[in-house]
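Please open the model in your viewer, with side chains switched on and residue labels within reach. The stops below follow one another, each beginning with something to select.

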Amino acid sequence: MFIPFIVAGDPHPDVTIELALALEEAGADILELGVPYSDPLADGPIIQRAAARALRHRMTLQKAMELVPEMRKKGVKIPIIIFTYYNPVLQLGEESFFALARKNGVDGILIPDLPFEESEHIRKRSAETGISFISLVAPTSKRRIKAIASHAQGFLYCVSSLGVTGIRDTLPDELGEFLEEVKRYSRVPVAVGFGISSSEQVNMLKDRCNGVVIGSALVRKIEQLADKLQQEETKTDALNEFRSYAQSLVAPLE
């Protein structure tokens with residue numbers, strides 16, 4: 001299972017829609033659509049820069065969700081997860097947030113800075129609206145792994161290593177043991193993210209989990225192609241290059 005992450009509005013809202021379609025064509029099974037935020041606690045420099053680019057286009061949580069039906073019109077069929085920090089949800093209001101999510105056909109939500117112990121009300125609303133609440137579990141979760149895994153919906157996002165998102169050359173030696181423990185308790189597919197940035201890493205993980213989440217590597221490629229993606233005469237070639245790059249990262253999953 002290939003779960004790519006991109007930032008809504010990067011490098012331009014219209015381009016985000018075309019990138020989503022390119023990712024589905026590259027074999028994506030689920031799309032994580034990140035909402036740009038000015039204080040992203042879990043994000044490294046690459047995604048922070050993408051958020052800054054998106055914010056220059058006045059991207060918001062509401063506008064990000066409104067991109068979902070536009071993606072559907074373009075032909076995107078895979079589930080779309082909104083990845084947002086809790087403060088934008090709080091500012092919008094939880095009731096309004098879930099109403100907009102349902103109206104725009106959002107399939108799931110992921111809120112990285114909302115601890116499991118404080119998420120019961122959100123999980124309840126998610127269940128009532130038929131929107132999956134995606135849980136995060138980290139190596140530091142320890143005694144909480146069983147509780148988090150047993151309540152997981154959609155898929156369970158396993159954080160591969162400590163720190164913020166970003167491209168990493170190596171993955172922790174203890175990752176395999178951590179994944180085995182998570183899989184013992186999880187009733188849903190287990191996906192690994194944070195630092196997955198090469199086909200070699202995907203190959204190493206493919207038999208240890210049900211899926212990989214790739215964000216920073218793809219967002220860096222978008223950054224490199226940003227100018228070409230926004231010019232009509234070069235957009236098609238840039239989208240093809242992006243699609244091929246995504247395919248190369250997850251080739252071991254085929």
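How many aromatic pairs does the structure hold? In this predicted model, the structure holds five of them. Start by selecting Phe97 and Phe98, whose ring centres are 5.2 Å apart and whose planes stand at 75 degrees, so that this pair is edge-to-face. Both residues are buried, Phe97 with a relative accessible area of 0% and Phe98 with a relative accessible area of 3%.

Next, select Tyr157 and Phe194, another edge-to-face pair, with 6.1 Å from centre to centre and 85 degrees between the planes. This pair links distant parts of the chain, since Tyr157 lies in strand E7 (residues 156-159) while Phe194 lies in the loop between strand E8 (190-193) and helix H9 (199-205), 37 residues apart. Tyr157 is buried, with a relative accessible area of 4%, and Phe194 is buried as well, at 10%.

Now select Phe5, Tyr37, Phe83 and Tyr85, which ring pairs link into a cluster. Keep Phe83 highlighted, because the next stop is the strand that contains it, E3 (residues 80-83).

Where do the side chains of E3 point? Ile80 and Ile82 point one way from the strand, Ile81 and Phe83 point the other way, and all of these residues are buried. This fits a broader rule, that side chains in a regular strand alternate between the two faces of the sheet. To see the neighbours of E3, add strand E2 (residues 31-34), which pairs with E3 in the parallel sense over four bridges, and then strand E4 (residues 108-110), which pairs with E3 in the parallel sense over three bridges. Phe83 takes part on both sides, as the bridge partner of Gly34 and as a residue whose bridge partner in E4 is Leu110.

Move on to helix H8 (residues 175-185), and colour Leu175, Gly176, Phe178, Leu179 and Val182, which are buried. These residues cover an arc of only 155 degrees around the axis, which puts them on the same side of H8. Which exposed residues does the face turned away from that buried side carry? Select Glu177 and Arg184 to find them there. If you then display what surrounds the buried residues of H8, you will find that they pack against strand E6 (135-137), helix H7 (145-150), E7, E8 and H9; E7 and the loop between E8 and H9 were visited earlier, with Tyr157 and Phe194.

For the last local stop, select Lys221 in helix H10 (residues 216-229). Is Lys221 buried or exposed? Its relative accessible area is 14%, so Lys221 counts as buried, the cut-off being under 20%. Leaving aside residues up to four places away in sequence, Lys221 touches Glu241, Phe242 and Tyr245. Of these contacts, look at Tyr245 in particular, as the charged end of Lys221 sits over its ring, 5.3 Å from the centre.

Finally, zoom out to the whole protein chain, whose secondary structure comes to eleven helices and nine strands. Its C-alpha trace spans about 55 × 45 × 30 Å along the principal axes, and its radius of gyration of 17 Å agrees with the value near 18 Å for a compact globule with 254 residues. Buried residues make up 55% of the chain, and among contacts between residues at least 6 apart in sequence, 72% join residues at least 24 apart.

Key:
Residues are numbered from 1 along each chain as its sequence is written. This is a predicted model: local features need pLDDT of at least 70, side-chain atom pairs count only at pLDDT 80 or more; totals for chains, interfaces and linings use all residues. Side-chain values use heavy atoms; hydrogens and water are left out. Buried means under 20% relative accessible area, exposed over 50%, partly exposed in between (1.4 Å probe, protein chains only). Helices (H or I, at least four residues) and strands (E, at least two) are DSSP runs, numbered from the N terminus. Two strands pair if DSSP finds at least two bridges between them. Rings of Phe, Tyr and Trp (its six-membered ring) pair if their centres lie within 6.5 Å; planes under 30 degrees apart count as stacked, over 60 as edge-to-face and the rest as tilted. A charge sits over a ring if NZ of Lys or CZ of Arg is within 6 Å of the ring centre and within 35 degrees of the ring normal. The arc is that of the directions from the helix axis to the C-beta atoms. Contact means heavy atoms within 4.5 Å. The radius of gyration is taken over C-alpha atoms; the globule rule is 2.2 Å times the number of residues to the power 0.38.
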